[in-house]
Amino acid sequence: MEIVVAVKAVPDPETRLRPNASGTDVDPDGVKFLLSGYDESAVEQALLLKESVPGSKVRAVSFGPGPRTEEVLRASIALGCDSATWVELPAGTPADALLAARALAAALRNVPHELVIAGKQSGDDQAGIFPSALAELLGVADYGSVTNLRWDSAGSHLTLECNVEGGIEAMAAPLPALVALQQAWNDPRTAKLPNILKSRKAPIERVAWAKTLEALGGTAAARSVLTGFRLPAPRTGAKMIEYKTPQEAAGKLVQILREEAKVFP
Amino acid sequence: MVDFSLTPEEESLRDLARKFAKTEMAPHAAECDRIPRFPEEIYRKAWELGLMNLNVPSDYGGSGLALFPQCLIVEELARACGGMTTSIIANCLALEPLLLAGTPEQKERILPPFCGEYKLAAFCLTEASGGGSDPGALSTRATLEGDAYRLTGEKCFISNAPFASLFTVFATVDPAKRHKGISAFVVPRDAPGVSVGKEEEKMGHRASATSTVSFADVRIPVADRLGAEGDGFGLAMRTLDHTRTPIGALATGIAQAALDYAAEYSLKRQTFGKPIAEHQAIQFKLANMALELRAARLLTWYAAWSLDHGLRSTLDSAIAKCYASDAAMRITDEAIQVFGGYGYMKEYPVEKLLRDAKLTQIYEGSNEIQRMVIARELLKAYS
C-alpha cells in the first residue's frame, strides 16, 4: 500500500507563545516547532499499517516554511517513514488551510498514493479544514475523526472506527481514501537514536514554491488573513484558603460559597 | 570561530533524551530513590532507544556519538535522576577500555553480541585499599599460566555490578612493578570464580546498584587481555579522560534540576506578603546558582569539544568534572535553602539532588585527584 501521511510543524505546546511586535501573529523567535500531537498519531497509524501490510511504503508530506517543516519531516523519517516531500513556502508568506490543501494536492499529483492519512486538525490553528479540502481536491472519499484504522486483506478495504455520541461506528472504506485521525488513541512511538542520526542524512524531496505557483495557476494567495494574535487575559479571582485542619478548610470554603459566591442561600 | 549553537542533529538528540527523562525516568525517580530500586525496565527502554552504549561505534552496535552530543544527552537524563543516569552510562565507562585498546578481533567478537541486546557492563578499577585514587597499589592479581591468566582479588564500589554480564577488570601482573604491572582484562560474569557481593546501601544514586566483585582463581584467556601487559594504568587514565567529561554533564543536569525547582518554588512561596523571588536574598541565591550552572555547562562543553577535536584532554576533562561537581553541590545546597524546611523534607525533590550531587565529587576520580591532575598539567606549562 502506498501511504501518504500529511504533517505540520506546530509550536511545542510547552512553549510560551508571545504576539509579534505588530500583534498580528505569533512571534516565532525562540519558539520550538515539532510534530503536532494529531500528526504523531497519524504517523504512528501509517507505520502500523505499513507493518501490517507487506510491501507498504509511507511518505511524509508537509507544506510550510523552513527550517521547521524540514525538521518535522526528518522527525517523521526518524520514526519510520520511508521518504518525505517538502512543499516549500517562502518564510513570511501568508498561508491558510485551503492553500496548504491546494499546494499538497498539486504535489501529490506526482506521488503515488492510495491512502492519505492526516490528523483531523492541526495542533496550532485547529481549523479542521485541511483534511476535507485535500480529499475534495484529490477526488477521494474523506473519513473524519477516525479513532481506529485497520486493513482488511480479505475484503481489500480499510476498516475504520469512529467514536460518536453514545457509541462506536464501524465502517468499511475502499481505497483510495483520505482518513483524518483523532489524537492519541494509539501510543505514538519514540524515534530511536540511530534512526535520528540516519534521518539527518535522508534525502528530502523538495517542491519549490515557484513550481507550486505554476501548478496552482498563479492563484496561490491565502484566502483568509490573520489580522491579530493576543494572549488570553490572565485568570483572576483565585483565592487561597488558609487553614490548619481539613475541617477548618471545609468550613471556610462553605462560608465563601455561601456569602461571597452566593452558590448556597 | 567559536559557535555555541547546536546543530539540528544535536537538538534532536537532546530532545530525545529530554523526552525519555521526562516520560520514563522522572515519574519513578522518587520511588527508586526511596526503596531503593534498580529500575531495569527503564534501563531496557534506554537501551531500546539507543541511549545506552553511546560511545560504541555503530558498526559494533552502539550509537557512535562523539563526546559533545553524549554530554547533551547525559545532562538531560540527569535532570530527571542522577542515579538512573549513572546506571545508563556505566556501559560507556566499562566499554571505553575495549574501544581504546581492543584489537579489531576483540571488538568484533565482544561488542556486537553485547550491544545487540540489553546488557550491562561494569568498570572494575577501585579496590578497598587502592585502585581508584592510587592505581599503583592495586592488589587484584593476574598470573599468567600457559595460555591464560589466573585472576584473584576483589573490587569494590562497582556501579551496575549486581546486574552486569561483563566486567572490564584492572589487575596487576606484578605488584612490585606498581603502575607498570597493571593490565586490563575483559571478564564475563559467568566465568567460573566470578561473584558479586551484596548491594551497597548508598546515600544517593540509589536507583543505581553498587557492589563488590570477587575473582577466585578466574581463568582468563590471553585473548581477553586489552593491550599489552603493563599498559593497564595508561589505559585506565585514558579511559577516564573520556568518561569524566560526561560526569561534568551529569552534575550539570542535577544542578539544572535544582535551579528549576528553586526558581519555580520562589515564585509561588510567599513571605512578608510577596513571593520570596521578590526578596533580594533569594534573588542573589538564584543568580549565583545560575552563573555557576552556566560555567559548569560551558566547561563541560569545552572539554567535550576539545576531546572531539583531538586536542589535549586530561586537563580540560579534569577541570570540567571537578568544577561541575563542586558547583552541583553548592547549587543543590542552595536549592534546599530556598525551599527552607520543605527542602529538608523527603516529600520534596531537592534533598535527593544534594545526595545525588555528592557522588559526582567522588567517583571517576575524586575531586582531590582531579586537582592534583589539574595542578600537574598546569605546572607543565611553567616548568
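**Exercise 1.** What percentage of the 265 residues in chain A is buried?

*Solution.* The model is predicted; local features need pLDDT of at least 70, side-chain atom pairs count only at pLDDT 80 or more, and totals for chains, interfaces and linings use all residues. Residues are numbered from 1 along each chain as its sequence is written, while chains are lettered from A and ligands numbered from 1 in the order in which they are written. A residue is buried if 20 or more other C-beta atoms, placed from the backbone, lie within 10 Å of its own. Of the 265 residues in chain A, 35% are buried.

**Exercise 2.** Determine how the contact between chains A and B is composed.

*Solution.* Two residues are in contact if their C-beta atoms, placed from the backbone, lie within 7 Å. Chain A supplies nine residues and chain B eleven. On the side of chain A that touches chain B, helix α5 (residues 193–201) of chain A gives the most, with five residues. Helices are DSSP runs of H or I with at least four residues, numbered from the N terminus. By class, this side of chain A has five nonpolar, one polar and three charged residues.

**Exercise 3.** Which relative orientation do α7(B) and α8(B) adopt?

*Solution.* Helix α7 (residues 280–308) of chain B packs against helix α8 (residues 314–339) of chain B at an angle of about 160 degrees, with axes 9 Å apart. Axes are lines fitted to C-alpha atoms over the stretch in contact, and angles run from 0 to 180 degrees between N-to-C directions. Angles over 145 degrees count as roughly antiparallel; α7(B) and α8(B) are therefore roughly antiparallel to each other. Their contact has 16 nonpolar, five polar and five charged residues.

Note on methods:
Helix = DSSP H or I, 4+ residues; strand = E, 2+ residues; numbered from the N terminus. Parallel < 35°, antiparallel > 145°, perpendicular 65-115°, else oblique. Nonpolar A, V, L, I, M, F, W, Y, C, P; charged D, E, K, R; others polar. Buried ≥ 20, exposed ≤ 12 C-beta atoms within 10 Å, placed from the backbone.
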